[in-house]
Amino acid sequence: MKTGIIKYIGSVLVLALVLILSACVSQKKKGEVSKVAKFYHNTTAHYNGYFNANEIMMETKDAIIESHQDNYNEILPIYPEYLIPNPESIAEDMDKAIEKVAIVASVHEPSRWVDDCYIILGKAQFMKQDYESAEETFLYFIEEFDPSIDRRKSKKSSKTKKSKKNNNKAKSVKEQRREREKKKKANKKKKSSSSKKTNKKETAEEKKARLEKERIAAEEQRKKERELENSVEIDRSSNGLLKHLPAFPEGLLWVAKTYVVREKHNLVEFYLNKIEEQPEVHKAVLNEIPVVKAFNAMEQKDYQEAIVHLDEAIPMQKDKSFKARLVYIRSQLHQEVGDNAAAFAGFNQVIDMKPEFIMEFNAALRMLKNSMGSSGSSLAVVERKLNKMLKEDKYKDFHDQIYFTLGEINYEKGDLENAVPYFRKGIQASKGNTAQLTEAYYILAKIFYDTEDYVLAKNYYDSTSSVITKTDERFFEVDAYAKNLKEIAENIIIIDLQDSLIRLSKKSPDERAEIARKLKKAELLAEAAKKGNDDDDDEVSTSGLRRIDPSRGASRGGIQSTWWAYDENKRVEQVAAFRNEWGIRSLEDDWRRSSKASSINDIDNLKSNDELDLSDDEINQILKDVPLTPDALAASKLKIQNALFELGVLFRERIENYNKAIEAHVELQDRFPGSKKEVDALYYLYLSHLDIDDQPKANYYLNTLKSKYPNDKYTLSLVDPTYIENILAEGRIQETMYNKAYNKFEEGDYKAVIALEKNARDKFKKENEFGSKYALLSAMSTGKLEGRDAYVKSLKTMIATYPNTDEETRAKEILRFLNGDEEAFAQIDEGEAQEAFKANDDKLHYICVIVTSKKDSDLNAAKISISNYNRKYHKVDRIRLSSTILSKDNNTDVILLRKFSNKEKAMKYYQEVERNKKEFMEPKVNYDIFAITQQNYREVMKKKSVKEYEIFFESSYL
């Protein structure tokens, strides 16, 4: 029996070999292949290239759909499989599919599957979101595989063979149609001419009868044409051993989809109508035509039109899941156009269809929301039903959405006092639903922005930015708000903090000590509650909106000038608000200490009215920033002045809130008359009043400038029309002089460069716009003339004189190179740098000092200098110092300062160092300083280079 099987298999293999050989040698004429060869090409193309490519496409599509997370608070996409936030993630698989079908198209051209392969190619490009290439592919497909072109080829072939069967149909359908159109026009013309001769006047009834007769005749003619077209044989048909449906209609469908995303909406209908003209169309393609029409209408925000097409599409769908999706989308569109009754009925229909639980749940939520408009249910009734859902086990994984819906209902009613806590509870209850988090963060950001609480608005825009996908149409809006509010929030915090610290400085030592104990107690209570899973304080803050201090107004965005820790009631409220949003965060370095309160008894003890026992050193550490000396007090007031001025400018220029800009600058004038920023504030007060069309006030500030600062540049720019022109002319002179110095450097005349730099420094002094550029040219010229040591000295002087400039960065790179760092000028891709490191603001941080030098003495000098600095300014902080080699090849060492509990504390140290560079480091040492997490530090050590992290630090920390 085994022998028989072996013989049988052998026979099959021999037959297959014969077929393959005959396929290769049986061609009779150029471009013509035998039936056996066609069978070979069809089989290989279908079951090798096309099949495998199609499998890749289907598996990728299934994986995308499975990983896709619908945002039920927005209109669902019809085709979620096309919404890939990161198309690069599927690029490799799509390229494999493209490679396979490309082989079929080139090697197996006689196959019936070549047209299908072009569709796979276009679909792969579409999935990669390379829509331009997809459009080109599908247009080529339509031109190359149009059935009418195949018919013309078929007609030519039949004439050559003199086939009796096709002799009566020698002309193509297209040509026949053309002739019929000509005859029709001729008859119409003749008829019209005859009508004019015989019937000069036609009654209304005669006209109606004639039009009806012509309509019936035209319909019969079209019917005959369709029958004739269907009777013509198509080359790529479903005949033969390998059944094959025509691919052309599917290609038309895909070019229509491509035109939707390419926003060429006027061409979509044309290609969809063309499908219906085809003689053979797969039912699945026909069923998808109204879906694509709805897709096109939705992309244009024409929801009424989309509803009409969905009404047509839904009954045609066989896939229950997709059908339920379309019904849900139609219900959402009814909701968008204000038809709550239809929306309610639609969501009810979705539930009856028994879709996946998450869709059924969201349909139920939408029904409850719509019941307020359609059935007249009150807010109280809906809230009661939603709160009941919170108690049911089957909804335990959906508490975030229930809370969000409660917040949404209150928000739409204008009740922000109730809406905000609900949104925050939704965030707290989230279990990784990023779409839901995006909505909650975004609405809270809008609420706080509209109520002018810009600190919280900035925080929530940051949170939104961290979870929103790049495909979300709000992505760039959120990013812009987050960036624009960053400095506004920072200045508001500076003002409020310094005001609070100044008030604390006026308290007695005993009162300050009591406040310190309360702060420490609150911190320990939060930590104990975290360990004991204590939720008693969850409901402390009934409102997420911070109250405005009536004594100070809302000049800085709705935040009181009092420090929350100073006011006991405010402290409790803020602790609760902080917990509601961010959870509980440890505020200590040694938070793992086992001796901390963790039991229920410890929590009860902390909640008691007993005073916490703290040492003097601990109290001083908590209150270390309170300004208790005249110099410290003056420094605090200067910070407030600068922040108030910057805040006014930012309000005006970043968010165009002119009233807030005016309030900030007026407060600066009122609190600090005659300050260094007074003239600048007066100038901006003039501009801001012009912005709000208050000419009398604008004139008042202009006159103030004229009387107090007649010769200031601001005053001159407003009263002297030639002043700006003169400034611009001077700028052009400076630019010409610098270009001359640069040309001299290029020519190698280094002495001339140094002389020109000195001349520009003497002539323009502080108004020298090209100072940093001159200084770098002069340093490089000095190096050429006097050697390495003079070069290093000049570069260090330049760095100290012109910090935070592009030239400073270049000078540092040159210094590193001179000290042996061969990677100093290496170009790093910013995208790669961002991928290599991760931001984690709440994690433990280090301060990392990179020393580049060939001398061991420089490293020792750096360590001694840093130690002295820490003893002077951070004696009680217990900052530990260690060092290690980063790269022997590049002569770079790392000095690590430990530990800072989070980014904020590390950056506070960093910024302090930037202000006190001379005290921090010996002038001869070439160094860079960064704040860095443990994880990112390990990555730097692994790479043995800080170049990539430098880019990440600049974008994520500065």
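A residue counts as buried here when its relative accessible area is under 20%. By that yardstick, 45% of the 958 residues of the protein chain are buried. Keep in mind as you click around that this is a predicted model.

**Whole chain**

Start with everything shown as cartoon. The protein chain has 41 helices and 4 strands. Switch on contacts between residues at least 6 apart in sequence, and you'll find that 68% of them join residues at least 24 apart.

**Helix 5 and helix 9**

Next, select residues 131–145, which are helix 5, and residues 248–261, which are helix 9. Their axes lie 9 Å apart, and the two pack at an angle of about 150 degrees. Anything over 145 degrees counts as roughly antiparallel, and helix 5 and helix 9 are therefore roughly antiparallel to each other. Turn the view to look through one helix at the other: helix 5 passes helix 9 in a left-handed crossing.

Now bring up side chains at the contact. From helix 5, show Tyr131, Ala134, Glu135, Phe138, Leu139, Phe141, Ile142 and Phe145. From helix 9, add Phe248, Gly251, Leu252, Trp254, Val255, Thr258, Tyr259 and Val261. Colour this set by residue class and you get 13 nonpolar, 2 polar and 1 charged.

**A stop at Arg474**

Hop over to the loop between helix 20 (454–467) and helix 21 (475–505), and pick Arg474. Is this arginine, Arg474, buried or exposed? Its relative accessible area is 11%, so Arg474 is buried. Show what surrounds it: leaving aside neighbours within four places in sequence, Arg474 touches Asn71, Glu74, Thr438, Glu439, Tyr442 and Ile468.

**Strand 3 and its partners**

For the last stop, select residues 892–900, which form strand 3. Of its 9 residues, 7 are buried, so strand 3 is largely enclosed by the rest of the structure.

Add strand 1 (residues 845–852), which runs antiparallel to strand 3 and is joined to it by 7 bridges. To get your bearings on this pairing, label His845, which stands opposite Phe900 in strand 3.

Then add strand 2 (residues 880–887), also antiparallel to strand 3 and joined to it by 7 bridges. Here, the pair to label is Arg880 and, opposite it in strand 3, Arg898. Follow the chain round the hairpin of strand 2 and strand 3, where 4 residues sit between the strands. Finish on Asn891 in that hairpin, which takes a positive phi near 55 degrees.

Definitions and conventions: Residues numbered from 1 in each chain as written. Predicted model: local features only at pLDDT ≥ 70, side-chain atom pairs only at ≥ 80, totals over all residues. Heavy atoms only, no water. Axes fitted to C-alpha atoms, helices over the stretch in contact; angles between N-to-C directions. Parallel < 35°, antiparallel > 145°, perpendicular 65-115°, else oblique. Left-handed = near helix turned anticlockwise from the far one by under 90°. Contact = heavy atoms within 4.5 Å. Nonpolar A, V, L, I, M, F, W, Y, C, P; charged D, E, K, R; others polar. Buried < 20%, exposed > 50% of the residue type's maximum accessible area, 1.4 Å probe, protein only. Pairing = 2+ DSSP bridges.
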